[in-house]
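Subject: Structure handover

Hello,

Here is the structure I promised to pass on. Please open it first, then read the notes below it.

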Amino acid sequence: MYQRYKFIVVPCIAILLISIFSGFGRNSESVNVRHLIEQRTDILQQSYYGELPLEKAQEQLQKIETQPLLGEDITALRAADPCQLDLVQKMEMKSIERRMRLFHYQSFEVNLKWYMKGLNEDYISQGDYFIVLKTVDGEAKISEFEPILADFEEN
């Protein structure tokens, strides 16, 4: 009787533990992606508005980004005209879906809602983004951050 009991109880406990802890990996991924996007947004915004010198912004971006996004962001910072940029007041991640994991890369499709302060009024912008994280020296860094443009059919 005891032998049969072990064959039933041990697999049940294993299934229970797997089902409980299986969601934690995805949750930590979404927290990591959110944190990196928030950091990037803060650094870019502070630099655009003169609160953070360009050299400091580059140093901070190097901690959370890798190529090609790092080069694109530095080029954009050098060419930016703050008069034409709206202020990000808040960002919400509405959804996140991992699309691929291959070697040191993970790709995600993320829906972000931006609460913006424009020159004339406040507004909300929402869209889907393709984000690629690359693991460099054990740390995830943003490698790509691109809006996903919806295909519209003309009637």
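Start at Ile96. Leaving aside neighbours within four places in sequence, Ile96 is in contact with Ser30, Val33, Phe108, Glu109 and Val110. Contact here means heavy atoms within 4.5 Å. Ile96 sits in strand β1, residues 87–102. Its relative accessibility is 27%, so Ile96 counts as partly exposed. The scale is this: buried is under 20% relative accessible area, exposed is over 50%, and partly exposed is in between, with a 1.4 Å probe and protein chains only. The C-alpha atoms of Ile96 and Asn111 are 6.5 Å apart, and the two residues are 15 apart along the chain.

Some ground rules. This is a predicted model, in which local features need pLDDT of at least 70 and side-chain atom pairs count only at pLDDT 80 or more, while totals for chains, interfaces and linings use all residues. Residues are numbered from 1 along each chain as its sequence is written, and side-chain values use heavy atoms, with hydrogens and water left out.

The overall picture

The chain has three helices and four strands. Their order from the N terminus is α-α-α-β-β-β-β. Helices (H or I, at least four residues) and strands (E, at least two) are DSSP runs, numbered from the N terminus. The chain holds 155 residues, and 30% of them are buried. Take the contacts with a separation of 6 or more: residues 24 or more positions apart account for 51% of these. The chain exposes about 11,000 Å², and 54% of that comes from carbon and sulfur atoms. Those areas come from the Shrake-Rupley method with a 1.4 Å probe; for residues, only the protein chains shown count as cover.

Helix α2

Which residues of α2 are buried? In this helix, residues 54–64, they are Ala57, Gln58, Leu61 and Ile64. Seen down the axis of α2, they fall within an arc of 125 degrees, so they line one face of the helix. The arc is taken over the directions from the helix axis to the C-beta atoms. As background, an α-helix has 3.6 residues a turn, so residues three or four places apart point the same way. The face turned away from the buried side of α2 carries the exposed residues Glu55 and Lys63.

The loops

After α2, look at the loop between α2 and α3, where Pro68 is found. A cis peptide bond joins Gln67 and Pro68, with omega at about 5 degrees.

Two other loop residues deserve a look. Phe103 is in the loop between β1 and β2. Phe103 is not a glycine, yet its phi is positive, at about 50 degrees. Its relative accessible area is 77%, so Phe103 is exposed. Asp137 lies in the loop between β3 and β4, the latter being residues 139–147. Asp137 also is not a glycine and has a positive phi of about 50 degrees. Asp137 is exposed, at 79% relative accessible area.

Two strand residues

Is Ser107 buried or exposed? Ser107 counts as buried because its relative accessibility is 3%. Ser107 is in strand β2, residues 105–117. Not counting residues up to four places away in sequence, Ser107 touches Glu97, Arg98, Arg99, Met100, Phe130, Ile131 and Val132.

Glu144 is in strand β4. At 30% relative accessibility, Glu144 counts as partly exposed. With the same four-place exclusion, Glu144 touches Pro68, Leu69, Phe130, Ile131 and Val132. The C-alpha atoms of Glu144 and Thr66 are separated by 8.4 Å, with their positions 78 residues apart along the chain.

The largest pocket

About 440 Å³ of space lies in the largest pocket. A pocket is an open set of points on a 1 Å grid over the protein atoms alone, where a 1.4 Å probe fits, with protein on both sides within 12 Å along at least five of seven lines; lining residues have an atom within 4 Å of a point. Points are joined across faces, edges and corners, and the volume is the space filled by probe spheres set on them.

The lining has 21 residues, and Arg40, Leu44, Tyr48, Leu85 and Val88 lie nearest the pocket centre. Elements giving two or more residues to the lining are α1 (2–48), α3 (69–79), β2 and β3 (122–136). Helix α1 gives the most, with five residues.

Best wishes
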